[in-house]
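Me: I've got this one open on my screen and I'd like a close look at one part of it. Could you walk me through the strands and helices there, and then show me how that part sits beside the rest?

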Amino acid sequence: MRENIDEKNPIRVAQIMGKLWAGGVEMVVYNYYRAIDKSKIQFDFYYDADSTVEPPQELIDMGARFYKLPPYQKLPQYIKELRIYLKKNQYSIVHSHLNTLSVFPLFAAWTCHIPVRIAHNHSVPSGKEVARDSLKYILRVFSRVFSTDYFACSEKAGRWLFGNKNYDTNKVTIMKNATDFERFKINIDDVKKAKEQLGLNGKFVVGCIGRFTFAKNHEFLLKVFKKILEVRSDSRLLLVGDGELNQQIHDSVKNKDLEKEVIFVGKVTNPELYYHMVNVVAVPSVFEGLSLTTIESQLSGIPVVASTAVPSEAIISDGVVRLNLEESDWVNTILLMENKQVVLDERSMDYEIHSAVKKLEDWIEEKVNE
């Protein structure tokens with residue numbers, strides 16, 4: 001399965017993304033694409049037509065190609081159109097980021113005789129969403145049927161989807177949610193200007209950066225924040241993101257009479273700026289495959305209070321406290337973390353994009369030259 005690796009004919013990897021919504025998974029894959037040697041390797045991104053954001057022009061200018069597919073809920077049409085593209089572009093590698101749903105695009109890749117088919121798991125079940133979790137457990141049985149290689153963002157995610165035996169025998173590749181550390185070195189004047197525009201100067205700011213979904217547990221955070229206000233009336237809650245629970249969370253803020261204290265920013269392309277605008281980042285997730293927010297907060301020098309659902313691999317400094325979801329514990333801990341100085345440790349280098357992307361480049365080149 002050899003390919004000519006040169007600037008005129010880079011290896012093209014089909015990245016199956018699902019729905020684009022400015023979430024953590026696409027940010028990770030985009031980070032790798034920005035850093036990868038594009039004279040040797042290029043990415044083609046496949047995304048659903050009902051995505052809430054458009055493909056970044058920045059990546060297109062770098063040579064990435066984006067292909068729009070029917071939503072995967074329309075499964076026959078989805079597989080049919082994906083097969084057309086896969087046959088036309090003659091890939092050696094298809095890399096699917098759809099967790100348990102990867103069985104469907106990898107089936108399409110199998111029928112097109114693509115030799116390397118990567119199933120990449122970024123998540124785990126919540127244990128509290130009965131219908132969705134049941135589907136995940138059913139599809140997990142098929143996770144290895146059409147995949148040739150297994151990737152995961154953490155040990156927890158790797159063991160859950162691919163099994164302890166595969167993980168313990170090194171058949172699961174951990175692809176770190178790496179990023180460019182330089183992104184998080186923000187001009188202080190830009191931070192001051194942004195805080196002034198949002199009315200945050202002189203306030204104690206709790207931040208939550210993530211999609212508005214059940215997993216991120218915003219409702220719990222609102223209850224915690226309301227109690228924080230009883231102690232610190234100068235507190236503000238900064239919510240960065242969007243998602244299917246957007247209206248529900250807005251309604252909850254209104255019902256709790258928090259409209260003046262909770263600030264909705266919406267989707268952003270520069271989350272690194274918003275980390276620097278807060279005193280403490282809260283990550284009260286019900287479940288997490290890893291938690292990019294926890295990692296990026298630490299890289300920004302901002303302390304984090306996270307739920308125990310966040311895996312230990314996300315802790316790369318002395319600036320994270322993990323708690324069970326007990327409101328009183330969260331109130332006290334968030335208040336105590338206000339002036340915490342965050343010092344990164346050697347584990348942080350696992351998430352440095354330039355070393356991480358070199359490992360991926362070597363893996364890809366080895367695969368196509370077998």
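Here's where I'd like to start: what kind of unit do β9, helix α10 (residues 246-255) and β10 make?

Reply: Bear in mind that this is a predicted model. β9, α10 and β10 together form a right-handed β-α-β unit. In that unit, strand β9 covers residues 235-240 and strand β10 covers residues 262-266. The helix, α10, takes up residues 246-255. The two strands run parallel and are joined by four bridges. If you want one pair to click on, try Val240, whose bridge partner in β10 is Gly266.

Now for some other strands. β5 (residues 116-121) and β6 also pair in the parallel sense, again over four bridges. There, Ile118 has Asp149 of β6 as its bridge partner. β6 is also joined to β7 (residues 172-174), in parallel, by three bridges. In that pairing, Tyr150 stands opposite Val172 of β7.

So which way do the β6 side chains go? Asp149 and Phe151 point one way, while Tyr150 and Ala152 point the other. Whichever way they point, all four are buried. That includes Asp149, the partner of Ile118, and Tyr150, the residue opposite Val172.

Further along the chain is helix α6 (residues 155-162), where the buried residues are Ala157, Gly158, Trp160, Leu161 and Phe162. Just after α6, Gly163 has a positive phi of about 95°.

Leu161 takes us on to the cavities. The structure has two of 30 Å³ or more. Leu161 helps line the second largest, which has a volume of about 40 Å³. Others in that lining include Asn99, Val103, Ala119, Phe142 and Phe146. By class, the lining has six nonpolar, five polar and no charged residues.

The largest cavity holds about 70 Å³ of space. Its lining includes Cys208, Ile209, Lys216, Ala282, Val283 and Glu288. Two elements, β8 (204-209) and β11 (280-283), each give two or more residues to that lining. By class, there are five nonpolar, four polar and two charged residues around the largest cavity, against no charged residues around the second largest.

Notes: Residues are numbered from 1 along each chain as its sequence is written. This is a predicted model: local features need pLDDT of at least 70, side-chain atom pairs count only at pLDDT 80 or more; totals for chains, interfaces and linings use all residues. Side-chain values use heavy atoms; hydrogens and water are left out. Buried means under 20% relative accessible area, exposed over 50%, partly exposed in between (1.4 Å probe, protein chains only). Two strands pair if DSSP finds at least two bridges between them. A crossover is right-handed if, with the strands pointing away from the viewer, the path from the first strand over the helix to the second runs clockwise. On a 1 Å grid over the protein atoms alone, a cavity is a set of points where a 1.4 Å probe fits but cannot get out, and a pocket is an open set with protein on both sides within 12 Å along at least five of seven lines; lining residues have an atom within 4 Å of a point. Grid points are joined across faces, edges and corners, and a volume is the space filled by probe spheres set on the points. Ala, Val, Leu, Ile, Met, Phe, Trp, Tyr, Cys and Pro count as nonpolar, Asp, Glu, Lys and Arg as charged, and the others, Gly among them, as polar.
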